[in-house]
Each structure stands twice: as structure tokens, then as C-alpha cells.
Amino acid sequence: MNLRLSCLILWVFLISLSKTAGQNGNFTQYSIKEGLPQSQVYSLCQDSLGKIWAATQGGGVAVFDGANFKTLGERQGLNNTLVNSLYTSSDHKVWIGTPSGIQYFKGPDIVSSRFNVHTSCFLEHGGQMYFGTSKGLYTSDMDLRVIKPVVFAQKPKEIKVNDLKTLGNRIWIASEKGLFILDATSKKTVKVAGLPYPNIQRILVTDDGFVWLAIVGFGIIKLDHQARIIGQITNTEIVHPTDMMQKNGGEIWISTEDNGIMVFDDCTGNISQITEGKGLKTNRVMCLLKDHWNNIWIGTSGEGVLRHTSQLFSYYNLYDHGFSGNRIYAMTGDTTGGIWMSVNQGILGYFNENKFRQYTFDSLPLNTKIRSMASDNYGRIWLGTEGKGLLIMDSTRIINVSRILKSPDSHIIQILPGRDSGVWVATQRSGIMFISLSKNNQLAQVRSFTINEGLPDKYINCMAGDKITGRIWFGCRNGTAGYIAENSEIFSFENHHGLPGQSVKTMCTDSSGRVYLAIVNQGVYTTFGNQNPRFNPIKGISSKDYSRNIYSMVVDLSGFLWLGSENGAFKCRPDSLFNSFQEISHYDSDAGFYGIENCHNSIYRGSSGEIWFGTLNGLVGYRNESISSSDRPPILRLEEVLLFNSKIEATKFKSCFKFDDEIGGLRKLPHNQNHLSVVYKAIHLNFPDKLKYRYTLSDSDADWSAWSDQNRINFSSLPPGNYHFRVQATHDEKLISNTAGLKFIIAQPFWQTFWFRSIGMLFFLSLVTAIFLIREKKIKIRAREQKALLEQENKLLSLEQKALQLQMNPHFIFNSLNSIQSLVAREKTEEARKQIQNFATLMRSLLNNSRKSSISLYEEIKYLEEYLKMEQFCQKNIFNYTIRLHELEDPENIMLPSMLIQPYVENAVIHGISHLSGRDGIITLDFSLDKEHLICDITDNGVGRERAVELSAARQNGHVSMGMEVTKQRLYAITSHNPKAQIITDLKDDAGRPCGTKVTLKIPIMHSY
């Protein structure tokens, strides 16, 4: 059977629509149900924070922050709830025009004026505000203090101004009586002649400097800067224009009162229409606005506000283009830049130049899924079906390749173009085939790769080609992977090469030959394509991660890895070592990825770098040129500052705070005003629920807090210092908003200031010095007093000692002279001469010793011997004495007070020995050392103390001896009143009768060295 005739096809053109696909499915409605106070919206503007303001006819003004509406009505100070126009000036005011005049809002108050003329439009130019009204044009300062009319040269009566725009130093005025141009310097107006119709509704000045006029009853006119007509569009659909806006490049949007929106492409001249059948809720469109994020806001009469989202992605709902299904299972491109796609079961779609076409087959029913598609170098489209085998489609026929090859496996998993004219085909159960056809569809080569040839598994999930080495990589259901080399040798890799052992879902390669694998429930693995690779996982960053269910992968021209998952797409940038992702961007329905769940291996990268995703909910396209215009950060500002929970405007410390855009001096907050709260607000109309904030309280960028969804921060008990509060916002942690800042200074308490501390330190030092000087003075006075007292005491002691010595000396002298006198009386001349000599020697020693405070033991003993000899002479009773030194080798170096022992010896002689009868007296003096004391024992064998007292009392000589008492006081004085310094012992014989007295003295001694 002739293969060329075996599978004739009849291409039946069902739908060839010239529909502009655009973003027709990207409309979101906000009406009364969503919080809009009234459904007729006649004007829109965006304030400096990014909020959308909507002027309603009866509901006042609605302000939308991306999540909620807030209404400004009569209770808030609005003079009329029928609002005609809105305008945002450079000083952040929002101007409101109503039939009752002009007001402006600069939070939180609405400021009114006495100007009560119906106002329809505003314009700021040269520091002045211009108002278009039903009675002409007016101007005023920015605070509505002085309002005056602008006089037209032609002096028209009751001219109604519809719109105002500026170009250079000229103001273009659209009115019901024509177009006027006002020179802002000369204040002269000129009417533009030659216009076909006078009722100018709107003016648009485009980026290239041209002026567009929307004329009621005519259409659109294009003027140059000299107001010369250079083009016009007459169309019955735009005879009632309401507003104009430039979208992107040369695309002009014109809203109409009854025919929706007309889109004119100034570059191509094409006109398309967006109506109720293409996403609009109503054809009654009153105003247009393009916001900061390139969304288009549409004010309608009766259906509220519509938002047309301008995102990174283009979304196409195939139901809107006549398709009976919306699932795109496979895609491939052709040489013209078009995209072929398989839609649901048995439907082929084609997309090129923003137009869709749909094809079905009569001769060959394709009521099955086309799971894979690829185009070869001859422009043929290869179709891999699920149950119908492998097909080829060209301009003349369809060839069932599986029948030609008699392949037992009719389930095709993936088709991959080869380096030449052939393709690689992965089947469900029969491994991989390479098939090559000639240009005229003749079978040129077929080669099969199965388990017998070295495949590690017959179930192949995916393939990817390496254009550098020519290798064909494959991933298997059993978790293995490998490649087929150019020489048809198969290399396979398993767990010991780093693979986790889970099924390989999809894969791709980049321009350098690196291979990326998506492992079920394990994420992305990668390796460089050498002969013995090692597979490593690529980890996510921070706490975020890409999806574990990855169905499709591709690397874009910038080296970013795109992952199609069950929840949108992920854009990832690996680090230099390919160990982790430096960036991960997730795109879901909020970002315009309305397809949501991707289909397996249904992804295609075009020659210009665009990426197309086939999803369960239509076609999603990504183009690089849309990034710079729509992927913008939020807008942030500080809402209020609270000091101890009171607004700073209500406190006396308002001047202590300066916002970053303010200049001037900064007063310090008192140290006890240190409890601060800051409320801030960010707006991103595309991601209102994803906004997060971070802050720092210093100038250092290293001190930013972690991202949080909290938009208020409290600082309590702030210490003194200089502070710079800064806050930023984001919706994805990559695009960062403007930085809002607040500066303030908390003063130190006076006790922490330098001057106070200096004075305090000086006072302390002075106090310490004064205390020191006073204490020193007191010490000196006390020392002088003590010194004087000691000197006096010493003097008194000295005088007392000398007096004592004088008290003792007369008594002794009297006794001695009395004895000598008795010798003379008895005419014992020689004896008297000898005693006189002894007495003279004793007196010389007495005089010498009396002048000394201390004498040596040797001198004391010598003096005592002289004294005892003299007493032996004087006493009637005979006595003997003995002086003994016990272990005293050097008595000359032992010092003791002078005349201290002699009174005790004298007492032993007078009161002890002198009363003896019948026996001789004996006096013994024993000297010994006890550490630092001299021990002196004076022993006599006299009558004892009691008998001596009786005998002394019986005497009638009148003599009273003071020697013993005074000497005792001396001894106590020099021994600090030691009770053991003097011990008297009464001696008794065996019968208990008194037989003498023993006196022990303990005398402190000094050494002469």
C-alpha cells in the first residue's frame, strides 16, 4: 500500500478569528458588593501612596488600597456626593471637582473653598492649579487662597472646559467650543483652527510628544506640537468618546460611552475592540487610568470599576477563542514563530501574531490525547499520541509512523528533535527510538534502544538534548537516568551517582551542557555532562522552597531555570557552584499566572526568549520586555507617629520629629518622652495580601529586622541617643519599596549630661578635699594635743620620778648620817672616815643615777652593793646579803629604770632584818630573764610583814616612809599596770610561823644595742 496515500487528511478550517488576544481574561470587577459606594464611576486617579481614587455619581469618593474601599462622603466634609473629576498634584493633594465647586484632600481633612462652580477637570502647571469648569477656565495658588478666571482672547460666553493637558510651557484646553492653547508665560490664549468638530472631549499627550483629541461625533485626531493635523480616525464605534490613555508604546485606548474600549495601535494602524463579549462587564466606559504597576483601571457606568491586570505573563483562555477545551497537553514552535498546541483530546490549536486558529481531522479521528509535539528542520510537526502512536503532519498529509514501523507501543511519552532531521521518541513501555525521515518523508533510519541495548528501565518519563555533545539524556520511572552518546552507547546512573532513587519526572539542559532533573518529591538535581557525573540537589534559599511537584522545565536565555508546577511557575537562579538557588521567584494567579497547574513536559522556549506554558487552564506566555514595566515594588509611607499612644500632632513635641523629606533643625525630646510607636502602610495593588515590612533604628543597613507582615512597631523605654527610624516594604523580598524614614533625638537626663557630671565630679572632689583637709587638720590638732599631753605627762613623770628620788634620798641620807654620827660620838675616827668615804661614793652614784631614766643592770647591782654595805654599817642587827645572776652573761647590755629596786631592798632591811633578835639577817637578790622581762627576787629572813607592821606602829619617831608606795606606782606605770609586776610572798617555817618575805618584780627591760 502506498504510504503517501495511506493517511490522507482534510484540513478543515473551523475558526480563523482575527481576535486580538491581549489580556481579555484579566479583568477584575469592583462594585457595590466589593465595597464601592456607587456603581457609576466618572473619574479615576492614583495618589502618591498608590491608592486608587474613584469618583462616583452619588456615593462620593471611594479610595481603594488593593484590599478594601474607604468612602469619603458628606460626613467627611465632601460638599457634594456627585463627583465629576479627580486629580493628584505634586504636593500629594487629591483634588475633587463636583457641581458644588472645588475641594482638596491632604489627609486626614478635606479643605473647601468658596469657589462653587461646576468643575470638570484639573491641571497643575508652574506652581499653579488650573480648573476647567462649566463657566470657563480658572487658576489659583496651590492652597486655594486666590482664585481668578483665565480670560480668553475670543471672549466666548459660558465656555465649558472638558479637559486640560500640558505640553512644554503651553496648556491645551479642550472645550465644547473647540481647542484652545494657553501660553503659561504670556497668559494669552489662541484657538486652534481647522478642526472638523468643535466639541473636544479629551486630550492625550503621548510619550513621543504628539497630541490626540477625542472629538464627540467625529472620532480621533492626531496633532503635532504645533497643533497641525497629521492623522485622524473616523469610526462609528467612537463617536461618543469619554477618555483616552496610552498603554504601551503606540497603543492608544479610547473609552466610549456605549461601545466599550477601542484599542488603536499607532505603529500598525490596527484597531481592535474590547466589549462585553471580551471581558468587559458593560460597554458604558466613562474613564481610564494606568497605575504605577501598569494595571489599567476602567470606570464604568453601572458596573463599578474594572481592573485589567498588566503582569509579567500573558494569559489566554481558549474558551474565549472558540475552543471546546482549555487544557494544553503539549506544545512546539514552527519556523514562522507560531506555536502549535494540543488541546484536550483530538484538537490542534495554532497561535501566531496574537491570533488563534483551530484544526480538527476528518479522515483520521484523533479522539485521544496528543501528549507530545516536536517540529523538525523540514517544518514537519511530529505528534505523539496516547494510544494512536506517532504521527507526522505536514502541509499535504498525515503519516502514521507507528503503523509504518509496526511498533507495538502506541503510547508516546515525549518527542525530542534531533540535531539533524530525525527525532527521538520516548515510549511508555518500549524504551527510546530514533527515527529519521528524508525531506520527501521517506524512512531513512530507525534505531531502537531498549533494556536489551542497555537502558536501565523501559518506562521513560522524559528526555532532553545536549546540543554541545549531541547526547540524549533520559529519565526513568525507576529513579535512574542516563544518556545515549553520539556513537549510540548508553550510559546510565543510579543511587551511587547521587540520585535519590525516586522517579525522574522531567528534565532539561542549558547552553553549557549542564543537565537539570526534577525528581518526584525531591526537587531539582543537577550535574555537568561529563562521562562520570555526580548528581547533586539544588537547595532553596531562606525558608522558601520551590514546589516538589515539578512537571516541566526549561532554561531561558539569561540562564534562569523555569519550573512549571501544580501551583504556578518558579523562576530560579542557581549560584556559581550550583548548590543552591540565589533567587527563587514564585508566580501564581496573583502575578498573572492564571493557568495555575502545568501539564507534563508542556513547555516551550521561543527563538526570542519567550517562554510558553501549557496548563490545565489555558496558555500562559512570558516575555522579557514586560519585566521593567510591571514588576515594580510597593509604594510605602509613614501613616502616623505616636508618642505615648498620642499622635505627635496633638503633642507639644511635633517639632522633635523630622521625616526624611523634611529639612531644618531638630529639637530634642526630653528623656522621659521615650515611648514611641510608628504606623506605616505600603500599597501594591497586585499583591495586597503579600506585603511585608522590615525596619531599622539606625543608619546601618546591617541592622534591618526580619520581614514581617506587621505594619506597626512599638519602642518603649528608648535610651538617650540619636535615632533614624527607617522602614521598607516588599511583596517578594526582592523588589524593595522606597525607604520611609523618621529622625528624632532623645536627650540625656540632666544627671547624665557632661556639664552635670563635670560639676558633680568637681563637687565630689571638692568635698573629698574638704573632708581630707578637715580631717587632716583635726588629726594634726589631735596629734599636737596628744604630743603636748605626752610631753606634759613625760614631764610630770620625770618630775615625779625625781621627786620620788628626792623623797627617798633624804630618808636614806638621814639614816646614813645618823650612823656616822654615832661613830664620831664613839670616837671611832678611822671607821667614821671610811664610812664617810663609802657614803660619799654612794651619794655620787645616787646623784648620777637620779639624772638618768634608765641604767644598766650592772650599774644597778653596783649601786645596790654600795647601799647594802652602807646599811650593814648603819643597822644594829647584823645581816648578810647575796646577789646572784642566773644565766645573765652580759648585765651591762640590760637596761632598766633607775632607782627601782633599791626601795624594795631598803624595805627588806628596815622592816624585815632590823626587827630580828637572836639571829643574823640574810638578804638575797636573784636576777634572771624571762623573755623581755627582768625577774628580780628580793628575799629576807626577817620577822614578816604582819610583825613588821606592829613594830612600826609602836615606834614614836614620827617618820612616815613613802618609798614603797611611790616605787610601786612607778612599777605599775612602766608595766601598764600589770598586776603581776609585783608579787609579795610571806615566807613561813615548817611550824607555820613567819620567817621572812619574798618580793618578785617583773621589770620590762631594754637592750643597749
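Which residue forms a salt bridge with Arg637?

**Figure 1. Close-up of the salt bridge between Glu639 and Arg637 in the predicted model.** Glu639 is the partner of Arg637, and their closest N and O atoms lie 3.5 Å apart. A salt bridge here requires a side-chain nitrogen of Lys or Arg within 4 Å of a carboxyl oxygen of Asp or Glu. Glu639 is partly exposed, with a relative accessible area of 39%, and Arg637 is likewise partly exposed, at 34%. Buried denotes under 20% relative accessible area, exposed over 50%, and partly exposed the range in between (1.4 Å probe, protein chains only). The model is predicted: local features need pLDDT of at least 70 and side-chain atom pairs pLDDT 80 or more, whereas totals for chains, interfaces and linings use all residues. Residues are numbered from 1 along each chain as its sequence is written, and side-chain values use heavy atoms, without hydrogens or water.

**Figure 2. Further salt bridges of the structure, which holds 23 of them.** Asp376 and Arg380 join their side chains in a salt bridge with an N to O distance of 2.7 Å, and both of these residues are buried. A further pair consists of Arg993 and Asp989, whose closest N and O atoms are 3.4 Å apart. In this pair, Arg993 is exposed at 52% relative accessible area, while Asp989 is partly exposed at 27%. One network, joined by salt bridges that share partners, comprises Asp91, Lys93, Asp141, Asp143 and Arg145.

**Figure 3. The loop between strands S58 and S59, with Phe644 and Asn645.** S58 covers residues 635-643 and S59 residues 646-647; helices (H or I, at least four residues) and strands (E, at least two) are DSSP runs numbered from the N terminus. Phe644 is not a glycine, yet its phi is positive, at about 55°. Asn645, also a residue other than glycine, has a positive phi near 65°. With regard to the surface, Phe644 is partly exposed at 41% relative accessibility, and Asn645 is exposed, with a relative accessible area of 54%.

**Figure 4. Surroundings of Val620 in strand S57.** Strand S57 spans residues 618-622 and includes Val620. Val620 is buried, because its relative accessibility is 0%. Beyond its neighbours within four places in sequence, Val620 is in contact (heavy atoms within 4.5 Å) with Phe313, Ser314, Tyr315, Phe593, Gly595, Ile611, Trp612, Phe613 and Thr615. Gly217 is 403 residues from Val620 along the chain, and the C-alpha atoms of the two are separated by 39 Å.

**Figure 5. The largest nonpolar core, of 43 residues.** Such a core is a set of buried Ala, Val, Leu, Ile, Met, Phe, Trp, Tyr and Cys residues joined through side-chain atoms within 4.5 Å. The residues with the most contacts inside this core are Leu857, Ile901, Val905, Phe927, Ile938 and Leu1001. Elements that each give two or more residues to the core include helices H4, H5 (829-850), H6 (857-874) and H7 (902-913). Strands S68 (894-897), S69 (921-930), S70 (933-940) and S72 (994-1004) also belong to this group of elements. H6 provides the largest share, 9 residues. Not counting residues up to four places away in sequence, Leu1001 touches Ile901, Tyr904, Leu934, Ile935, Cys936, Ile938, Leu971, Ala981 and Gln982. Another core lies apart from the one shown and has 26 residues, among them Leu638, Tyr693, Phe715 and Ala729.

**Figure 6. Helix H7 and its enclosure.** H7 is largely enclosed by the rest of the structure, because 10 of its 12 residues are buried. These buried residues are Gln902, Pro903, Tyr904, Val905, Glu906, Ala908, Val909, Ile910, Gly912 and Ile913. The end C-alpha atoms of H7 are 15 Å apart, in agreement with the 16 Å that its 12 residues should span at 1.5 Å a residue. This expected span is 1.5 Å times one less than the number of residues.

**Figure 7. Nonpolar surface patch with Phe750.** Phe750, Trp751, Trp755, Phe756 and Ile759 form the patch and together have about 550 Å² of accessible area (Shrake-Rupley method, 1.4 Å probe; for residues, only the protein chains shown count as cover). Patches are made of residues with over 30% relative accessible area and no salt bridge, with like charges joined within 9 Å and nonpolar side chains (Val, Leu, Ile, Met, Phe, Trp, Tyr) within 5 Å. Phe750 lies in the loop between strand S65 (740-746) and H4, and is partly exposed at 45% relative accessible area.

**Figure 8. Leu773 in helix H4.** H4 comprises residues 754-825, and Leu773 is one of them. Leu773 is partly exposed, at 47% relative accessible area. Between Leu773 and Lys654, which are 119 residues apart in sequence, the C-alpha to C-alpha distance is 52 Å.
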